Amino acid sequence: MSLFRKREAPASGPGAEQALPRAAACFTTPAMTRRAADWLGRLGGCRPLAILSDDFDDVVWNCEAEKADLLLMKVDLSEGAEEPRDISACCDVAIEIKRRRPECRVYLICEDGYPKKQAALEKAVELTLIDGYCIGDLSAQQMRAWLDETAETISGGSAR
């Protein structure tokens, strides 16, 4: 299953780099994380960063040190996972990141095979533990919407 669809050219032009949010990707394997960061870079509209560690403290530290404006994190509910990264664990990371970097937005991606988890994801958004989620493939359009929301947040609420 592909988590990302539709490759598009990155934004270009004078000053494009300045206004772009710093987007961090943290997935279940280093290879998936690198792929997500590469996809974000090709998609454009952000300055991508790959967080290659699964450790709670490392993810929080990297987001804080790199001044991430957005964290895209993969939920892993598979039974074969060495350390499943469930919604609760992702929310714990999100809470700590938002405590240290209140302006950072956190979005989760969950595979299609877990529709029963939608209620937990909706509750996490309702409680403002996370800013949004995607079940299934993350489209370029959805990612752009999240990047636009993030860009508005970092620019003080004005549209780009």
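**Notebook: salt bridges**

I started in helix α3 (helices are DSSP runs of H or I, at least four residues; strands are E runs, at least two; both numbered from the N terminus), where arginine 100 and glutamate 96 sit four residues apart and so are separated by about one helical turn. Their side chains meet in a salt bridge, 2.9 Å from N to O. My cut-off for that term is a side-chain nitrogen of Lys or Arg within 4 Å of a carboxyl oxygen of Asp or Glu.

I noted that this is a predicted model, where local features need pLDDT of at least 70, side-chain atom pairs count only at pLDDT 80 or more, and totals for chains, interfaces and linings use all residues. Numbering runs from 1 along each chain as its sequence is written, and side-chain values use heavy atoms, with hydrogens and water left out.

Next I looked up accessibility (buried is under 20% relative accessible area, exposed over 50%, partly exposed in between; 1.4 Å probe, protein chains only). Arginine 100 is partly exposed at 35%, while glutamate 96 is buried at 15%. Salt bridges with shared partners join Glu64, Glu96, Arg99 and Arg100 into one network.

I then counted 11 salt bridges in the structure. Glutamate 66 pairs with arginine 22, closest N and O atoms 3.3 Å apart. That pair links distant parts of the chain, 44 residues apart: the loop between α2 and β3 holds glutamate 66, and strand β1 holds arginine 22. Glutamate 66 is partly exposed at 34%; arginine 22 is buried at 18%.

Last, I checked aspartate 69, which bridges to arginine 101 at 3.5 Å between the closest N and O atoms. They are 32 residues apart, with aspartate 69 in the α2–β3 loop and arginine 101 in the loop between α3 and β4. Aspartate 69 is buried at 8%, and arginine 101 is buried at 11%.
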